[in-house]
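Welcome! Take a moment to look over the sequence and the model before reading on.

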Amino acid sequence: MATSTNKTATFWGEANPQVYVETPLHPEKLTVWCALWAGGIIGPYFFKNDKGHNATVNGDRYRAMITNFFIPELNNHDVQELWFQQDGATCHTARATIDLLKDTFGDRLISRFGPVNWPPRSCDF
């Protein structure tokens with residue numbers, strides 16, 4: 001017999017109903033971001049929630065990563081006229097995100113809704 005609560009499953013043994021084992025219903029997921037450029041790699045950056053647990057990326061978390069991690073890292077490198085390219089994920093193309101990236105990269109932004117539009121379903125990296 002099994003029951004499910006709070007993303008875990010509880011299994012009771014058939015021989016002794018007092019013995020049970022809880023196992024996760026889904027494996028833990030991890031979202032990692034990094035930037036690749038001719039000078040190397042910036043990152044990795046692991047997306048976490050306020051409690052420090054792995055979290056999916058939303059617009060607020062993506063903008064926080066850009067503001068608190070990526071831009072300070074860029075300032076540690078001698079990067080002039082750097083172009084920034086990203087795909088069309090919703091958190092990447094939210095109006096507030098595009099505005100932040102335009103403030104940072106100006107016309108050197110390749111993104112859906114950016115100054116240089118990335119076409120949907122593009123096979124180009």
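## Cysteines and disulfides

By the distance rule for paired cysteine sulfur atoms, the count comes to 0 disulfides. Two cysteines can still be described by their surroundings: C34 is partly exposed, at 40% relative accessibility, while C91 is buried, with a relative accessible area of 12%.

## The chain as a whole

Please keep in mind that this is a predicted model. The mean pLDDT of the protein chain is 81, and 78% of its residues reach 70 or more. Residues 1-5 have a pLDDT below 50, and this stretch has 10 contacts in the model beyond near neighbours in sequence. Where pLDDT is low, the predicted coordinates should not be read in detail.

The protein chain holds 3 helices and 7 strands. Followed along the sequence, they come in the pattern β-β-β-β-β-α-β-α-α-β. Of the 125 residues in the protein chain, 25% are buried. Among contacts with a separation of 6 or more, 38% join residues 24 or more positions apart.

## Helix α1

Helix α1 covers residues 59-75, which is 17 residues. From its first C-alpha to its last it reaches 23 Å, close to the 24 Å expected at 1.5 Å a residue. The helix also bends, by about 35° at I66. At the start of α1, a side-chain oxygen of N58 comes to within 3.2 Å of the backbone nitrogen of D60.

Which residues of α1 are buried? They are G59, Y62, R63, M65, I66, F69, F70, I71 and L74. I66 therefore appears twice in this picture, as the place of the bend and as one of the buried residues. An α-helix has 3.6 residues a turn, so residues three or four places apart point the same way. The cover over the buried residues of α1 includes the strands β4 (32-37), β5 (40-46) and β6 (84-85), and it also includes the helices α2 (90-93) and α3 (95-105).

## Three residues to visit

Here are some residues to find in the viewer, with the accessibility of each.

| Residue | Relative accessible area | Class |
|---|---|---|
| S111 | 0% | buried |
| T93 | 9% | buried |
| R108 | 22% | partly exposed |

Start with S111, found in the segment after β7 (109-110). Leaving out residues up to four places away in sequence, S111 touches Q86, D87, H92, T93, I98, V116, N117 and W118. S111 counts as buried because its relative accessible area is 0%, and the cut-off for buried is under 20%.

One of those partners, T93, is found in helix α2. With sequence neighbours up to four places away set aside, T93 touches D87, G88, I98, S111, R112 and F113. D87 and I98 are thus among the residues touched by S111 and also among those touched by T93.

Next comes R108, in the loop between α3 and β7. Why is R108 classed as partly exposed? Its relative accessible area is 22%, and partly exposed lies between the cut-offs of 20% and 50%. R108 and L82 are 26 residues apart in sequence and 7.0 Å apart in space, C-alpha to C-alpha. A polar atom of the R108 side chain lies 2.9 Å from the backbone oxygen of L82. Beyond its neighbours within four places in sequence, R108 is in contact with E81, L82, W83 and F84.

Definitions and conventions. Residues numbered from 1 in each chain as written. Predicted model: local features only at pLDDT ≥ 70, side-chain atom pairs only at ≥ 80, totals over all residues. Heavy atoms only, no water. Helix = DSSP H or I, 4+ residues; strand = E, 2+ residues; numbered from the N terminus. Expected span 1.5 Å × (residues − 1). Bend = angle between axes of the 7 residues up to and from the residue. Buried < 20%, exposed > 50% of the residue type's maximum accessible area, 1.4 Å probe, protein only. Contact = heavy atoms within 4.5 Å. Polar contact = N/O pair within 3.5 Å; in protein donor to acceptor, adjacent residues only side chain to side chain. Disulfide = S-S within 2.5 Å. pLDDT = per-residue confidence, 0-100.
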